[in-house]
Amino acid sequence: MTDGAARPAHGEEQPIPDLPTTAWAVLGMLSHADELSGYDLKKWADWSLQFFYWSPSFSQIYAELKRLEKHGYATSRTVVSEDGMRGKRMYAITDSGREAASHWVNNSPVEAPVLKHSVMLRAWLGHLAEPDRMREILTQHIDYAERMQRRAQIDADGADANPDWAYPSAVLRWCVKHYEAEREFAADLLADLDKLARQRSRRKNVKRSNSEKSHSTD
């Protein structure tokens, strides 16, 4: 494999470019193996990244691979099948890519995670919702959190089998706890909203009763 990017002069440090986080995620996945295809990277993202970051699409992965090659952080080669009919492109991290990824991990600012929780937004607007529909929404979210917890646990157990995946394994165990907490918080919120729905129903009944009394005295 050859690295087509221009090399800095001896002793000259090349500045680290301001790449999107997804690019660093793809480069980081390459640091775990000798070579990976785009398909392999997608599988790895679905296996691990989706539980705490996100799983980029194939088109996003290939776009970042192209960007990484442009900066000399990754190289690629085409591997032809034994029948000579099919070929796939394999990607590998370069020494400069490993150094850049290490620099990003160690020196990038600590950013607050962005929580965009559409279920919580709908619960926040619960005064506009039908109580039964809101219960259904939160019940579906609880089921989702339970599924994700089980999947994270399976992947954490699988990572434990490989000593090279000690850090992904530790993060996956954190993800198990995260989705367990998410499920518990959603269940607590559902109980709170059920209580609010009962209070809302009682207020409506009182209002209706007062209205009927008012009409009866006219």
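**Entry 1: aspartate 155**

I began with aspartate 155 and looked up what it touches: leaving out residues up to four places away in sequence, aspartate 155 is in contact with Trp47, Phe51 and Leu172. I note at once that the model is a predicted one, so I write of what the model shows.

Aspartate 155 is part of helix α6. Is aspartate 155 buried or exposed? Its relative accessibility is 15%, and because buried means under 20%, I entered aspartate 155 as buried. I also looked up its distance to arginine 173, and found that the two lie 18 residues apart in sequence, while their C-alpha atoms are 9.0 Å apart in space.

**Entry 2: helix α6 as a whole**

I then checked the length of α6, which runs over residues 131-160 and has 30 residues. At 1.5 Å a residue the helix should span 44 Å, and since its end C-alpha atoms are 43 Å apart, the expected span and the model agree.

Which residues of α6 are buried? I listed Met134, Ile137, Leu138, His141, Ile142, Ala145, Met148, Gln149, Ala152, Asp155, Ala156 and Ala159, so the aspartate of my opening entry has its place in this list.

**Entry 3: serine 169**

Next I turned to serine 169, which lies in helix α7, residues 166-216. With a relative accessibility of 2%, serine 169 counts as buried. What does serine 169 touch, once its neighbours within four places in sequence are set aside? I found Ala156, Ala159 and Asp160; of the residues on that list, Ala156 and Ala159 also appear among the buried residues of α6.

**Entry 4: the chain in outline**

I stepped back to see the whole chain, whose secondary structure comes to seven helices and three strands. Following the sequence, I wrote the pattern down as α-β-α-α-β-β-α-α-α-α. Of the 218 residues in the chain, 31% are buried. I also noted that, among contacts between residues at least 6 apart in sequence, 62% join residues at least 24 apart.

**Entry 5: the sheet**

In what order do the three strands of the sheet stand? I read the order as β1-β3-β2, in an open sheet with antiparallel pairing. The edge strands are β1 (36-37) and β2 (74-80), each of which pairs on one side only.

I took the two pairings in turn. Seven bridges join β2 to β3 (residues 87-93) in the antiparallel sense, whereas β1 and β3, also antiparallel, are joined by two bridges. I reminded myself that strands of a sheet pair through backbone hydrogen bonds, either parallel or antiparallel.

For single residues, I found that serine 76 has tyrosine 91 in β3 as its bridge partner, and that arginine 77 is partnered by methionine 90 of β3. Methionine 90 came up again when I looked up serine 37, which stands opposite this methionine.

**Entry 6: helix α1 and its surroundings**

I then looked at α1, which is mostly covered, with eight of its ten residues buried. These are Thr22, Ala23, Trp24, Ala25, Val26, Leu27, Met29 and Leu30, and they pack against β1, α2, α3, β2, β3 and α4.

How do α1 and α3 cross? Their axes come within 9 Å and cross at roughly 80 degrees, which makes α1 roughly perpendicular to α3. I found Thr22, Ala23, Val26, Leu27 and Leu30 of α1 in this contact, together with Glu64, Leu65 and Leu68 of α3.

For α1 and α2 I noted an angle of about 105 degrees, with the axes 10 Å apart, which makes this pair roughly perpendicular too. Here Val26, Met29 and Leu30 of α1 meet Leu41, Trp44 and Ala45 of α2.

**Entry 7: the nonpolar cores**

Last, I looked up the largest nonpolar core, which has 22 residues, and noted that Leu27, Met29, Leu30, Leu41, Leu65, Leu68 and Tyr73 touch the most other members. At least two residues of this core come from each of α1 (21-30), α2 (38-47), α3 (58-70), β3 and α4 (95-107). Which element supplies the largest share? I found that α1 does, with seven residues.

Apart from this core lies another, of ten residues, including Val119, Ala123, Ala129 and Leu193.

Technical notes:
Residues are numbered from 1 along each chain as its sequence is written. This is a predicted model: local features need pLDDT of at least 70, side-chain atom pairs count only at pLDDT 80 or more; totals for chains, interfaces and linings use all residues. Side-chain values use heavy atoms; hydrogens and water are left out. Helices (H or I, at least four residues) and strands (E, at least two) are DSSP runs, numbered from the N terminus. The expected span of a helix is 1.5 Å times one less than its number of residues. Buried means under 20% relative accessible area, exposed over 50%, partly exposed in between (1.4 Å probe, protein chains only). Two strands pair if DSSP finds at least two bridges between them. A nonpolar core is a set of buried Ala, Val, Leu, Ile, Met, Phe, Trp, Tyr and Cys residues joined through side-chain atoms within 4.5 Å. Axes are lines fitted to C-alpha atoms, for helices over the stretch in contact, and angles run from 0 to 180 degrees between N-to-C directions. Angles under 35 degrees count as roughly parallel, over 145 as roughly antiparallel, 65 to 115 as roughly perpendicular and the rest as oblique. Contact means heavy atoms within 4.5 Å.
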